[in-house]
Amino acid sequence: MGPPVNTSIPLVTGSALVDTVETVQPGTWIGRQPISFSYQWLRCNNAGGECGAIAGATGRSYRLTSADVGHK
């Protein structure tokens with residue numbers, strides 16, 4: 001059997017304001033069970049490029065900080 005196949009895209013929800021929490025729903029995947037997930041939040045430039053990992057942001061949820069203002 002090949003790699004997992006995505007049948008419903010992942011979705012990030014939240015209000016995108018400083019000190020609010022964004023949460024990712026992993027979407028729906030089919031394939032060899034069990035399928036597990038790991039997370040790493042990124043901070044990208046205003047255009048969505050030049051991304052870097054946010055230290056310690058490895059859970060399904062991330063609280064936005066002032067460092068995230070003006071980034072994607």
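Hi everyone. Let me begin with a word I'll lean on: a residue counts as buried when its relative accessible area is under 20%. Please also keep in mind that what you see above is a predicted model.

With that cut-off in hand, how many of the residues are buried? Of the 72 residues in this protein, 15% count as buried. The accessible surface adds up to about 5200 Å², and carbon and sulfur atoms account for 58% of that surface.

Now to the secondary structure. The protein has seven strands and zero helices, so reading from the N terminus you get β-β-β-β-β-β-β. And the overall spread? The radius of gyration is 14 Å, while the globule rule gives 11 Å for 72 residues; the protein is well over that value and therefore more spread out than a compact globule. If you draw a box along the principal axes, the C-alpha atoms fill roughly 45 × 25 × 20 Å.

Let's look at how some of these strands pair. Strand E3 covers residues 21-25, and I'd like to use E3 as our anchor. Strand E2, residues 11-13, pairs with E3 in the antiparallel sense, over three bridges. One of the partners to look for is Gln 25 in E3, which is bridged to Leu 11. E3 is also joined to strand E7, residues 61-63, again by three bridges and again antiparallel. Here Val 21 has Arg 63 in E7 as its bridge partner.

On contacts more broadly, take those between residues at least 6 apart in sequence: 40% of them join residues at least 24 apart.

Next, a residue I'd like you to click on: Cys 44. Where does Cys 44 lie? You'll find Cys 44 in the loop between strand E5, residues 42-43, and strand E6, residues 52-53. Is Cys 44 buried or exposed? Its relative accessible area is 9%, so Cys 44 is buried. Which residues does Cys 44 touch, leaving aside those up to four places away in sequence? The answer is Gly 49, Glu 50, Cys 51, His 71 and Lys 72. There is also Gly 70, which sits 26 residues from Cys 44 along the chain; the C-alpha atoms of these two are separated by 9.2 Å.

Last, the charges. The protein has 5 positive and 4 negative charges, and the mean positions of the two sets are 11 Å apart.

That's my tour. Thanks for listening, and I'm happy to go back to any part of it.

Technical notes. Residues are numbered from 1 along each chain as its sequence is written. This is a predicted model: local features need pLDDT of at least 70, side-chain atom pairs count only at pLDDT 80 or more; totals for chains, interfaces and linings use all residues. Side-chain values use heavy atoms; hydrogens and water are left out. Two strands pair if DSSP finds at least two bridges between them. Helices (H or I, at least four residues) and strands (E, at least two) are DSSP runs, numbered from the N terminus. The radius of gyration is taken over C-alpha atoms; the globule rule is 2.2 Å times the number of residues to the power 0.38. Buried means under 20% relative accessible area, exposed over 50%, partly exposed in between (1.4 Å probe, protein chains only). Contact means heavy atoms within 4.5 Å. Accessible areas come from the Shrake-Rupley method with a 1.4 Å probe; for residues, only the protein chains shown count as cover. Lys and Arg count as positive and Asp and Glu as negative; His and the chain ends are not counted. The place of a charge is taken as NZ of Lys, CZ of Arg, CG of Asp or CD of Glu.
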